[in-house]
Structures are given as structure tokens and as C-alpha cells.
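Me: Please take a close look at one part of this model for me. I would like the side-chain contacts around a single helix, told in one go.

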Amino acid sequence: MARPDDEEGVAVVPGHPPAIGYFPVPGGSPAGKMSAEPQNGPKAGCLALNGVPRDSPATVSGALGRPQTQLAAEEETQVRLLPTVPGEEPPGAEGSPAPLTALSTRRFVVLLIFSLYSLVNAFQWIQYSIISNVFEGFYGVSSLHIDWLSMVYMLAYVPLIFPATWLLDTRGLRLTALLGSGLNCLGAWIKCGSVQRHLFWVTMLGQSLCSVAQVFILGLPSRIASVWFGPKEVSTACATAVLGNQLGTAVGFLLPPVLVPNTQNNTDLLAYNINIMFYGTSSVATLLFILTVIAFKEKPRYPPSRAQAAIQDSSPEEYSYKKSIRNLFKNIPFVLLLITYGIMTGAFYSVSTLLNQMILTYYKGEEVNAGRIGLTLVVAGMVGSILCGLWLDYTKTYKQTTLIVYILSFFGMVIFTFTLDLGYIIVVFVTGGVLGFFMTGYLPLGFEFAVEITYPESEGTSSGLLNAAAQIFGILFTLAQGKLTSDYGPRAGNIFLCVWMFVGIIFTALIKSKLRRHNINIGITNGDIKAVPVDSPTDRESKTVMMSKQSESAI
């Protein structure tokens, strides 16, 4: 992977000692022959553990290539190696050259820039659908044409996710961010040239470029959180990164009905209003692209956590993207999460795309309130996302939290479905807010849960596959729900989603939770955790490491 070092100020992570040693894991070397000779970094196959210098003889002599058994001696050694008191240095840490885990203040700048250009991309996704009747009249096209301006985001993601995640894993975070921000900016400017009634194809072209930009955006939250943030803030950082996309959807629900009111009887005024919206979007996108070029860096000078140290200290030449993909699809808990995340997020995409049509079916002339209901749905979800992220950082209860939020989302969808036609729009505001709080709040949960159960596979690859599943389900759900809504009314379409969400609850309950990244961060080593995701557990017999009594005494 591309890993250029950035020079910037750092602060040592509270509770982490200023030195990390390396625990050799036999990869291709015979037992007992792993070299500890210092080179530019530790050799591939080393797991970072606090307290033992990488060239310690005890470290080398303790590496045995035999199956792991849980022994009290090993646990005792880990207690000795891994400090529990903040600032305490374990034996063997004296004289180490420099801190290897630290937090960079730049991490907040990187997170802010990403969140903002993700916001603009999400705004462009929903800006047509929330005033679909206005654009139908302006361009003289059907509602299905306008729906495809939203669904093109989902359609483009599926074939492009694999090259995009390959680029992220092999060329790095900065290049991926530049592509996402740059294509988003280019698509926005192309749409500025489409404000004529016969140029629907130009606006579709611009929207298509924005949809390609999305491929380089949606997979980054968990990668940014893992690369830049410490173990006590990683879930909150991921939730904040997802928050930017959600906020963009919220602004997309709110602003278009205000900026482009329904003035079908005055085409010139309508075109002028659309121009204001398009040029304003492209100007903001340009500013954010410039900021991305200037301030978005590949990674901090020092890794923020032990888990990142274990991965970054690995040899990049040994990384295999194809094997990483195979490993993910052989991971049954991840496959189940792939399905459940796709169902939940696909349902959210479908509801967002068709919200205007559902509201106007029962509340004629309420385009502005339809946008406000969408805003309520997403803002409530933003609150849910942050609370879920804070809760995960505090408790690490990924499986339980994910299942509870899924169940509550299902009940929120049921309530929304059967109260939509009561004739009181204030009720729709309330039920939409409840639905959004849990449904949108689920999004960062899925990202972080996936990273935990698939570590040390690339965060970009796992989150990219999750988003691909979401796009596939989103297209299918939008087409099916749109057809049911047109033929039988909004209730039939919403019941369709409720059935699928119930299926998602069952699959979520079947996921086995094994928090691999968390275990590394607290110092629990396991033979299935390798510094480089080269071999699937089924490719060859799992090799693990124990420390002999002699090496324990040496340490």
C-alpha cells in the first residue's frame, strides 16, 4: 500500500507507552529462525506488542511455530508485556528510539474535509428526487427518469467498487480522496450546462460523474477512522465521517424545495432558480477540492493504535487484494452482515428516493414539507449515528447494539407505514424522525462491526463491499417499492420493506461476534490475526505463537 509519511506534530496516546516492540509471527520462516535484524521497519509477519524492542533476543527465541493452546504462562507474559496503568512502561521498553503510537492533531482537519465533500456529494444525490415533480415538468420526462437520477448512484457503485477498493488498498487514502472530491466537483460543473429543457442527457451525464465520485467516498469513513484515530475514538470518528454524508442528504431534502419552488407556469424563473442551485453547488465543491489537495494527507507520522501499528509495519509487497477479497467472502459472519447491511441501507435509499411521491399522495401541494420531513428523518439519524458511535467506543458491544438498532428500525418502519395516511402531517414528522434515528443511525454501526470481525483485512475493502450490497438492494427496493406505490399506494410499498427488514433481523441474530481489532488493541494475540492479510485460514494450517518459559524468564 502507498504509505508516505507526513511530518506533523503528534501527541502520545493516553494509556499507551512510548514504545512498541514486535512479536514475531512465523509466516514463511521456520520456527526459531525469524530474523530480528533492524531494517527500515519490522519484517512482515510481526505483530506489535507494547514493551518488547523488536531486536530483543527474548522476542526471537520465544517464537514457536506450533498450535496455540491457552496457557496461564502465556497470559502471565501478556500481563507483563502490556501495561494497564497509563504512562507505565513495561520491562524492556527502556531506551527505545521514538514513540510508535501517537495521535496527530491533523486528524481533525482530515475528518472535516472528508465530511464536507461527502456532504456535497450526498446533496447532489437527492437534489432531484425531493422535487421530482418540478424536474419532471421542466425536462418533460417521466417520474422514472427522475428516479434514475438517484438510482444512477446505486448503479455506478456496483461495477466500480472493486477497482475503487483496489486503488484505495494499493495507491492509498490521499489519491482516493482526490478522485472522489475531483469527480464530484467536475460533475457539479457539468450540471451547470444542463439548464435547458432539452438537455436532460447533460444533467444525467453530470449526475453520473457524481455517482462515480461516490464510489471513492463511501468506503473511506472506516479507513480514515482506523488510520488517523486512536482506539478510544475510532467508532466516534467513523460515525462523524458517515455524519457528513447524512448531513448532505439532510441539506438535499431541505434546500432544493426552497431554492427551486414549483413555478411551472414561469419556465424562465424556474430555469433561473435551478441555475442558482447548480452554480452554488459547483462553487462549494470546487473550494472543497482545493482544500483536499492542500490539506488531506495519506496518514499520520505515527500509527494511532496497536492494531494500525501491526498493519503498517507489515511488508506492503506481501499484500494480496484478491486473497483479501476471498478471505472476506469466506468469513461467514461478514457475509451475513453484508446481507443485513444491504437490506437496511437499501431500504433507507428507497424511502429517501420515493419520499416526495409518498408524501404528495396523501398531502397535495406539500413539497416543502416533504423536504422538511426528509430533513427530520436524516437529522434524527445523525443524532443516532453519533450516539451509537459514542456507545460503541464506550462498551464495544457491536453485535448487541447492531441487533437492537435493527429491531427498533423495523418497528419504526411499521409505525411510519401505518400512520402515513392519517391526514395529520405533524404525525409524519414524528414517525419519520423515529424511523430516521434508528435506520440512519445503523450506518456507522455496520462499518465498524465489519472492521472488527474482519481485521486485519482492509477497512476500505470491507466497507466497500457493504456499500455495494447497499446499492444493489437500493436499486431493487426502489424499483419494487416504486412500482407498488404507483399501482397500489405507498402502504403496499412500505410493507414490502418491512418484510425485508424482518428478514434482516433474523440474519443479524445469526452473526457470530469476534472482535479481532479490539483484541489486538487490548493486547490479546490470536493465531488467526496476521499483520498482513495474505493467507485465508483455509489456505494453510493456522500458525500461532507461544512464548516458552525460557523466553519468559529472559524478558
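Reply: What follows is a walk around helix α19 and the contacts made there.

This is a predicted model, in which local features need pLDDT of at least 70, side-chain atom pairs count only at pLDDT 80 or more, and totals for chains, interfaces and linings use all residues. Residues are numbered from 1 along each chain as its sequence is written, and side-chain values use heavy atoms, with hydrogens and water left out.

Helix α19 spans residues 490-509. Helices here are DSSP runs (H or I, at least four residues), numbered from the N terminus.

Start with the charged contact. Arg491 in helix α19 reaches Asp421, which sits in the loop between α15 and α16 (425-439). Their side chains form a salt bridge, 3.2 Å from N to O. The term means a side-chain nitrogen of Lys or Arg within 4 Å of a carboxyl oxygen of Asp or Glu. The two residues are 70 apart in the chain. Arg491 is partly exposed at 32% relative accessible area, and Asp421 is partly exposed at 33%. On this scale, buried means under 20%, exposed over 50%, and partly exposed in between (1.4 Å probe, protein chains only). The whole structure has three salt bridges.

Now the rings. The structure holds 19 aromatic pairs. Rings of Phe, Tyr and Trp (its six-membered ring) pair if their centres lie within 6.5 Å; planes under 30 degrees apart are stacked, over 60 edge-to-face, and the rest tilted.

Phe502 pairs with Phe410: the centres are 5.8 Å apart and the planes at 50°, so the pair is tilted. Phe410 belongs to helix α15 (residues 398-419), 92 residues away from Phe502 in helix α19. The partners differ in cover. Phe410 is buried at 15%, whereas Phe502 is partly exposed at 45%.

Trp500 pairs with Phe477, also tilted, at 5.7 Å between centres and 50° between planes. Phe477 lies in helix α18 (residues 459-488) and Trp500 in helix α19, so this pair ties together parts 23 residues apart in sequence. Phe477 is buried, at 3%. Trp500 is partly exposed, at 33%.

Helix α18 also has a salt bridge within its own length. Lys483 and Asp487 are both in that helix, four residues apart, about one turn. Their closest N and O atoms are 3.4 Å apart. Lys483 is exposed at 53%, while Asp487 is partly exposed at 43%.

To recap: from helix α19, Phe502 pairs with Phe410 of α15, Trp500 with Phe477 of α18, and Arg491 with Asp421 in the loop between α15 and α16.
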